[in-house]
Amino acid sequence: MTVKFPIQKVKQAGDNPYHFEGDVDLSSLEDAKNDIREISPVSVTGQAEMKGENISVSMTIEGDMILPCARTLVDVPFVFNIQATEYFNLSPYYEEEDESEVHPLHGELLDLTPYIKENVLLEVPYRVFSDDPDVVPPQEGEGWEVVDEKPESESKIDPRLAKLESLLDEKEK
């Protein structure tokens with residue numbers, strides 16, 4: 001189900017806000033080139049208010065997604081709760097300016113799905129880490145492996161400085 005409703009319902013509500021709710025399937029985000037491995041349908045509740053030719057939509061977007069751990073690449077569940085407000089203009093003469101927060105609205109149907117997707121993508125954190133202490137990061141992969149570098153033995157002495165070492169040994173006696 002998507003969150004779509006006729007603009008006429010918002011107009012009919014008059015001074016009262018028009019309330020809506022629904023679940024939105026955002027599984028298409030899993031196929032995009034981002035870190036989202038899996039996302040369950042998100043729950044959206046909100047209200048739309050009309051003032052002149054402008055519509056203000058306030059909504060709460062809740063759901064959870066699976067992201068990769070930045071250290072071990074294991075699946076990490078991430079729960080989100082987003083408060084978002086979007087603004088629309090019904091005027092046929094209104095054109096969206098660069099980086100404007102007001103979206104032009106053409107037609108008789110208001111579809112919030114692209115704006116919900118945008119808000120969810122903005123909520124994806126830069127990095128997440130697994131809390132599971134038993135998870136060990138991979139030690140090798142295709143064309144690479146983890147190598148422990150051990151410091152050289154401190155007992156090795158540069159032959160050019162061997163005579164100085166004998167001076168130190170004499171002082172200790």
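In this predicted model, Asn119 turns out to be buried, with just 14% relative accessible area. Its place is in helix H3, which runs over residues 113–123. Leaving out residues up to four places away in sequence, Asn119 touches Met59, Ile61, Ile82, Ala84 and Glu86. With Glu86 there is also a polar contact, side chain to side chain, at 3.2 Å.

Glu86 has another polar partner, too. The side chain of His103 makes a polar contact with the side chain of Glu86, this time at 2.8 Å. His103 sits in strand E7, a stretch covering residues 102–104. What makes His103 count as buried? Its relative accessible area is 11%, so His103 falls under the 20% cut-off for that label. Put together, Glu86 is a meeting point for two side chains, those of Asn119 and His103.

Next comes the nonpolar core. The largest one has 36 residues, and those with the most contacts inside it are Leu112, Ile116 and Val120. Several elements chip in at least two residues each: helix H1 (7–12), strand E2 (18–24), strand E4 (42–51), strand E5 (54–68), strand E6 (75–89) and helix H3. Which residues does Ile116 reach, once its neighbours within four places in sequence are set aside? Ile116 is in contact with Val3, Val24, Leu26, Val42, Val44, Met59 and Ile61. Met59 and Ile61 also show up among the residues touched by Asn119.

How many salt bridges does the structure hold? The count is 1. In it, the side chains of Arg37 and Asp75 meet, with 2.5 Å from N to O. The pair ties together distant parts of the chain, with the two positions 38 residues apart: Arg37 is in the loop between helix H2 (28–31) and strand E3 (38–39), while Asp75 belongs to strand E6. Arg37 has a relative accessible area of 38%, so it lands in the partly exposed class, between the 20% and 50% cut-offs.

Finally, the surface has something to show as well. Ile157, Leu161, Leu164 and Leu167 form a nonpolar patch there, and together they offer about 360 Å² of accessible area. One of these residues, Ile157, lies in the loop between strand E10 (144–145) and helix H4 (162–172). Is Ile157 buried, partly exposed or exposed? Its relative accessibility is 39%, so Ile157 counts as partly exposed.

Terms used:
Residues numbered from 1 in each chain as written. Predicted model: local features only at pLDDT ≥ 70, side-chain atom pairs only at ≥ 80, totals over all residues. Heavy atoms only, no water. Helix = DSSP H or I, 4+ residues; strand = E, 2+ residues; numbered from the N terminus. Buried < 20%, exposed > 50% of the residue type's maximum accessible area, 1.4 Å probe, protein only. Polar contact = N/O pair within 3.5 Å; in protein donor to acceptor, adjacent residues only side chain to side chain. Patch = residues over 30% accessible without salt bridge, like charges linked within 9 Å, V, L, I, M, F, W, Y side chains within 5 Å. Areas by Shrake-Rupley, 256 points an atom, 1.4 Å probe, with all protein chains shown as cover. Salt bridge = Lys/Arg side-chain N within 4 Å of Asp/Glu carboxyl O. Contact = heavy atoms within 4.5 Å. Core = buried A, V, L, I, M, F, W, Y, C linked by side-chain atoms within 4.5 Å.
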